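Reader: Could you walk me through this structure and show me how to read its features?

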Amino acid sequence: MYRFLLSRQWVILTLIALVLIPVMIELGFWQFHRHERRVAQNTLIADNLAAKPVPVERLTSPGHTVPRADYWRHVTATGTFDTEHEVVVRRRVAADERVGVHVLTPLVLKDGGIVLVNRGWIPQSGNQRDFPDVPPAPKGEITVTGRLMADETTGASGIKDLKGLPDRQVMLISSAQQAALIGRPVLGGYLEQTAPDSPGGSPELIPDPDHDSIGAHMAYAVQWWLFTAGVPVGWVILVRREKRDRQAAAETAAADTDGAEGADGAAEPAGATA
């Protein structure tokens, strides 16, 4: 009764099931690893945000690539804003998803070094080719506290570094690009300003990154593994159903055959009597 498993239809169905099992197991582990990375990132963010601020010069220098372990570390920088070389970073969203720009202003440190400070979000001007109305940076010496971030790249952010943009507008925050524009070395990475507050609330300071939610990756992993377990179970159910249906069909055919033979046998004596 199981010879039907050698039919073309069942061979194809069995092969599909055999392919689905490892694929869904792998998809489950992919989601599980995403869950682990999210948990690790949340821990890193929470620890670095809670750490005591240190001078920015301790964690970065010109040409330095900020390691992931130092992302979101609170640092301080004391100096004077260089608004002459201020630029805006296009296509950035506020906390409520409004589209605008980030204001990126170099801060000239006491020792002559320069660090980029993301002062926050402002709305984009009506004509995107025009430089927006940027709230002025504080004058004189100021101490800025912020989260240390790595230079942005297209690979990490998914943002294309478009060419031919209007003057003083950029797509990515890059200390190397700004160093070339300013003509002086710039510390690697940049600061997301958290203090002091902007006068009048503009630019809007960038809020702390979310480090409480873990997403649904673990639920998706379990879901994929349940699907994996369901494949052989479903295959067995289909096989048993097919066997039952074939047996029922065979029994019906046998009963019909017996009935037909009985009817023929009963008809013969009647003919002989006539």
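Reader: Which residue just after α3 takes a positive phi?

Author: Keep in mind that this is a predicted model. Just after α3, the residue to look at is G183, with a positive phi of about 85°.

Reader: Where does α3 itself lie, and which of its residues are buried?

Author: Helix α3 covers residues 175–182. Its buried residues are S175, Q178, A179 and I182.

Reader: Why do those buried residues line one face of the helix?

Author: Start with the general idea: an α-helix has 3.6 residues a turn, so residues three or four places apart point the same way. Now look down the axis of α3 here: its buried residues fall within an arc of 105°, so they line one face of the helix.

Reader: Which exposed residues does the face turned away from that side carry?

Author: On that face of α3 you will find A176, A180 and L181, which are exposed.

Reader: What do the buried residues of α3 pack against?

Author: They pack against four strands: β3, β4, β5 (114–123) and β7. Take Q178 as an example. Q178 sits in α3 and has a relative accessible area of 1%, so it counts as buried, for which the cut-off is under 20%. Leaving aside neighbours within four places in sequence, Q178 is in contact with H85, V87, L104, L116, V170 and V186.

Reader: Is β3 mostly covered or mostly open?

Author: Begin with the general picture again: in a regular strand the side chains alternate between the two faces of the sheet. In this model, strand β3 (residues 87–93) is mostly covered, with 5 of its 7 residues buried.

Reader: Which strands do bridges join to β3, and how do they run?

Author: One of them is β4 (residues 99–109), which runs antiparallel to β3 and is joined to it by 5 bridges. As a place to look, R92 stands opposite G100 in β4. Another is β7 (residues 169–170), joined to β3 by 2 bridges and running parallel. There, V88 has Q169 in β7 as its bridge partner.

Reader: How many residues are between the strands in the hairpin of β3 and β4?

Author: There are 5 residues between them, and in this hairpin E97 takes a positive phi near 75°.

Reader: Turning to the surface, which residues make a nonpolar patch?

Author: V11, L15 and L18 make a nonpolar surface patch of about 270 Å². To find it, look for L15 in helix α1, which spans residues 8–50.

Definitions and conventions: Residues numbered from 1 in each chain as written. Predicted model: local features only at pLDDT ≥ 70, side-chain atom pairs only at ≥ 80, totals over all residues. Heavy atoms only, no water. Buried < 20%, exposed > 50% of the residue type's maximum accessible area, 1.4 Å probe, protein only. Contact = heavy atoms within 4.5 Å. Patch = residues over 30% accessible without salt bridge, like charges linked within 9 Å, V, L, I, M, F, W, Y side chains within 5 Å. Areas by Shrake-Rupley, 256 points an atom, 1.4 Å probe, with all protein chains shown as cover. Salt bridge = Lys/Arg side-chain N within 4 Å of Asp/Glu carboxyl O. Pairing = 2+ DSSP bridges. Arc of directions from axis to C-beta.
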